[in-house]
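Biologist: I would like to go through this structure with you slowly, asking at each step what justifies the words that are used for it.

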Amino acid sequence: MNVNIVKDKAAIAKMAYDIMLDMINSKDEVTLGLATGSSPEGIYELFRKNKPNVSHVTTVNLDEYIGLDAEHDQSYAYFMNKHLFHHLNFKQTFLPNGMNSDFAGECAHYDEILEENTPDLQLLGIGNNGHIAFNEPGMSFELTTNVAELAPATVEANSRYFASHDDVPKTAFSMGIKSIMQAKEILLIASGVGKAEAIKGMLEGPVTNQMPASILQQHPKVTVIIDEDAASLLSKK
Ligand code: GLP
């Protein structure tokens, strides 16, 4: 893995944006895998500011809460529309449909979308407990799109966006680890001390589903961009 330790969130956003832009400009048809959460916000701000041409770019998002529609201000569809999709001319954008009550059908449908639109570059954040998308500790590395149960720590972390803890959905449609590993290239970003343990486990720990992001050690092309706080527990720098 190519690990870059930079000064702060702004530096992470700039470096990640430049990598994504290079990919966008590298060919006629591009698929980007996108992520939500606070980590990518600075990258999407740069997209809104610079408005690169993305008319040849298809996007596929990692996950969506079950039970929230695109009008709900905490759904990932709403987040993506607000931060990115309403501002640029993407060719096509895909997220799982959180309102589909046919869970198996929705997972199979999203797997088909991913088969046709395998990301050239997948952007990832990481949870405090090492989750990627909503693949929580203990979930199988063999899963494709699945119904993920949020770990209590994730419900807790994500409750900052909701009126109360009880309002946080406890399940989500999520690309599985197997789906994520299909991406030709992966770009993972993280900042803050809260992520330090997960970053250490991901980079220096054993590959185990107790630390989902550790599987990235087995991907051939991963770039990691973190700030000094997120890197603070690493033994090698
Ligand atoms: C959520 C998302 C993840 C994201 C994580 C970290 O649980 N499903 O894709 O990486 O939160 O979020 P943040 O970037 O806000 O710390």
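Modeller: This is a predicted model, and a good place to begin is strand 2, which is joined to strand 3 (residues 57–61) by five bridges, the two strands running parallel.

Biologist: What makes strand 2 and strand 3 a pair?

Modeller: Two strands pair if at least two bridges are found between them, and here there are five bridges, so the requirement is met. Within this pairing, glycine 33 stands opposite valine 60 in strand 3. Strand 2 also pairs with strand 6 (residues 121–124) in the parallel sense, over two bridges, and there leucine 32 has leucine 121 as its bridge partner.

Biologist: Which unit do strand 2, helix 2 and strand 3 make?

Modeller: Together with helix 2 (residues 41–50), strand 2 and strand 3 make a right-handed β-α-β unit.

Biologist: How do you know whether the two faces of strand 2 are covered or open?

Modeller: In a regular strand the side chains alternate between the two faces of the sheet. On one side of strand 2 lie Val30, Leu32 and Leu34, on the other Thr31 and Gly33, and all of them are buried, so both faces are covered.

Biologist: Why is aspartate 120 called buried?

Modeller: Its relative accessible area is 5%, and buried means under 20%, so aspartate 120 falls in that class.

Biologist: What makes the contact of aspartate 120 with lysine 184 a salt bridge?

Modeller: The closest N and O atoms of aspartate 120 and lysine 184 are 3.0 Å apart, and the cut-off is within 4 Å, so the pair qualifies. This pair links distant parts of the chain, 64 residues apart, with aspartate 120 in the loop between helix 4 (103–116) and strand 6, and lysine 184 in the loop between helix 6 (177–182) and strand 9 (186–190). Lys27, Asp120 and Lys184 are linked in a network of salt bridges, and a search of the whole structure finds seven salt bridges.

Biologist: How do you know whether lysine 221 and glutamate 185 are buried or partly exposed?

Modeller: Lysine 221 has a relative accessible area of 46%, and since partly exposed lies between 20% and 50%, lysine 221 is partly exposed. Glutamate 185, at 13%, is under the 20% limit and therefore buried. These two residues form a salt bridge, with their closest N and O atoms 3.5 Å apart.

Biologist: Where do lysine 200 and glutamate 204 lie?

Modeller: Both are in helix 7, four residues apart, which is about one turn of the helix, and their side chains meet in a salt bridge at 2.9 Å, N to O. Lysine 200, at 31% relative accessibility, counts as partly exposed, and so does glutamate 204, at 26%.

Biologist: Why are strand 4 and strand 7 called edges?

Modeller: The open sheet of three strands has the order 4-8-7, with antiparallel pairing. Strand 4 (63–65) and strand 7 (146–149) each have a single partner strand, so one side of each is left without a neighbour in the sheet. The twist averages 30 degrees from one strand to the next.

Biologist: Which residues have the most contacts inside the largest nonpolar core?

Modeller: They are Ile43 and Ile199, in a core of 73 residues, to which helix 1 (residues 9–24) gives the largest share, eight residues. Isoleucine 43 touches several residues, including Ala13, Met20 and Leu123.

Definitions and conventions. Residues numbered from 1 in each chain as written. Predicted model: local features only at pLDDT ≥ 70, side-chain atom pairs only at ≥ 80, totals over all residues. Heavy atoms only, no water. Core = buried A, V, L, I, M, F, W, Y, C linked by side-chain atoms within 4.5 Å. Buried < 20%, exposed > 50% of the residue type's maximum accessible area, 1.4 Å probe, protein only. Contact = heavy atoms within 4.5 Å. Axes fitted to C-alpha atoms, helices over the stretch in contact; angles between N-to-C directions. Right-handed = clockwise from strand over helix to strand, strands pointing away. Lists of a residue's contacts leave out its neighbours within four places in sequence.
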